[in-house]
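Biologist: I'd like to learn how to read a model like this one. Could you walk me through it, one feature at a time?

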Amino acid sequence: MFEGMGFQDFVFYIFAAILLFAGLRVITARNPVHAALFLVLSFFTAAGIWLLLEAEFLAIALVLVYVGAVMVLFLFVVMMLDINLDRLREGFWEYLPMAGLVGVLMAAEMVMILGSKNFGVDKVSAPPPKPADYSNTTELGRVLYTDYLLPFELAAVVLLVAIVAAIALTLRGRKDSKFIDPAEQVKVKRSDRVRMISMPSFKEPPAVEAAQNNKDQA
């Protein structure tokens, strides 16, 4: 079965199996923290597959950006929120037929696009060997900022608009919220915060005199 299979092919199938298992566990795990951890595993495995495809920059970017920043933030949010799992499972069987139909359509589209008709062995040849000083990061930057400069700039504008829209939707003025205006703090003066009051001095009687006074009052 494994005759004619090189070490790289063997590693690819191992990574592919782990990636499929981690992806299934992401959508089937009952605990959201476990689902997030399986998603981290799937990202690491996908980065390993990209290393096999000689895409070192994409692999490192996947690990640093998604695993090192996005997934860690998502994991902390999931752990800090008090998620009601029973409420999340409500309506599962009600939406299952529609979700199954959408999943089947997505799988059919992926098979039609990524099938052997377009991405077969006879259609996609192996990449030619590269020299020792070849850098795919340099080539990716050259293609990105020359041939695909306009789509890159449009994607940046779309992301900026999405960030501004998200902030505008979540920024709500609440009457019970407390905030501090730094400009008002800088302009404040000592006379606005501190007021000196002159009060007459009061001498507390000694303990003996106080006791004698209490005895006389009694």
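Modeller: Gladly! Let's begin with contacts along the chain. Among contacts in the protein chain between residues at least 6 apart in sequence, 53% join residues at least 24 apart. Keep in mind that this is a predicted model.

Biologist: Which elements make up the protein chain, and how many helices and strands are there?

Modeller: The protein chain has 11 helices and zero strands. Read from the N terminus on, its elements run α-α-α-α-α-α-α-α-α-α-α.

Biologist: What share of the residues in the protein chain is buried?

Modeller: Buried here means under 20% relative accessible area. Of the 218 residues in the protein chain, 11% are buried. The protein chain exposes about 19,500 Å², and carbon and sulfur atoms supply 68% of that area.

Biologist: Let's try one residue. Is Thr 45 buried or exposed?

Modeller: Thr 45 has a relative accessibility of 6%, so it counts as buried. This residue lies in helix 2. Leaving aside residues up to four places away in sequence, Thr 45 touches Phe 15, Ile 18 and Leu 19.

Biologist: Now the aromatic rings. How many aromatic pairs are there?

Modeller: Rings pair if their centres lie within 6.5 Å, and planes over 60 degrees apart count as edge-to-face. By this rule there are four aromatic pairs. One of them joins Phe 12 and Tyr 13: the ring centres are 5.6 Å apart and the planes stand at 70 degrees, so this pair is edge-to-face. Phe 12 is partly exposed at 36% relative accessibility, while Tyr 13 is exposed, with a relative accessible area of 51%.

Biologist: And what kind of pair do Phe 21 and Phe 38 make?

Modeller: Apply the rule again: their ring centres are 5.9 Å apart and their planes are at 85 degrees, so Phe 21 and Phe 38 are edge-to-face. Phe 21 lies in helix 1 (residues 7-28) and Phe 38 in helix 2 (residues 32-52), so the pair ties together parts that are 17 residues apart in sequence. With a relative accessible area of 47%, Phe 21 is partly exposed.

Biologist: I often look for polar side chains that meet. Which side chain does the side chain of Asn 136 contact?

Modeller: The side chain of Asn 136 makes a polar contact with that of Glu 56, at 2.6 Å. Asn 136 is found in helix 7 (residues 136-144), and it is buried, with a relative accessible area of 16%. Not counting residues up to four places away in sequence, Asn 136 touches Glu 54, Ala 55, Glu 56 and Phe 57.

Biologist: Glu 54 is in that list. Where does Glu 54 lie?

Modeller: Glu 54 lies in the loop between helix 2 and helix 3. When you read the backbone, look at phi: Glu 54 has a positive value of about 65 degrees although it is not a glycine. At 45% relative accessibility, Glu 54 counts as partly exposed.

Biologist: One more feature, the surface. Which residues form a nonpolar patch there?

Modeller: A nonpolar patch on the surface is formed by Val 72, Leu 73, Phe 76, Val 77, Met 80 and Leu 81, which together have about 610 Å² of accessible area. Take Met 80 as an example: it is found in helix 3 (residues 56-80). Met 80 has a relative accessible area of 66%, so it is exposed.

Notes
Residues are numbered from 1 along each chain as its sequence is written. This is a predicted model: local features need pLDDT of at least 70, side-chain atom pairs count only at pLDDT 80 or more; totals for chains, interfaces and linings use all residues. Side-chain values use heavy atoms; hydrogens and water are left out. Rings of Phe, Tyr and Trp (its six-membered ring) pair if their centres lie within 6.5 Å; planes under 30 degrees apart count as stacked, over 60 as edge-to-face and the rest as tilted. Buried means under 20% relative accessible area, exposed over 50%, partly exposed in between (1.4 Å probe, protein chains only). Helices (H or I, at least four residues) and strands (E, at least two) are DSSP runs, numbered from the N terminus. A polar contact is a pair of N or O atoms within 3.5 Å; within protein, one must be able to donate a hydrogen and the other to accept it, and residues adjacent in sequence count only if both atoms are side-chain atoms. Contact means heavy atoms within 4.5 Å. Patches are made of residues with over 30% relative accessible area and no salt bridge: like charges are joined within 9 Å, nonpolar side chains (Val, Leu, Ile, Met, Phe, Trp, Tyr) within 5 Å. Accessible areas come from the Shrake-Rupley method with a 1.4 Å probe; for residues, only the protein chains shown count as cover. A salt bridge is a side-chain nitrogen of Lys or Arg within 4 Å of a carboxyl oxygen of Asp or Glu.
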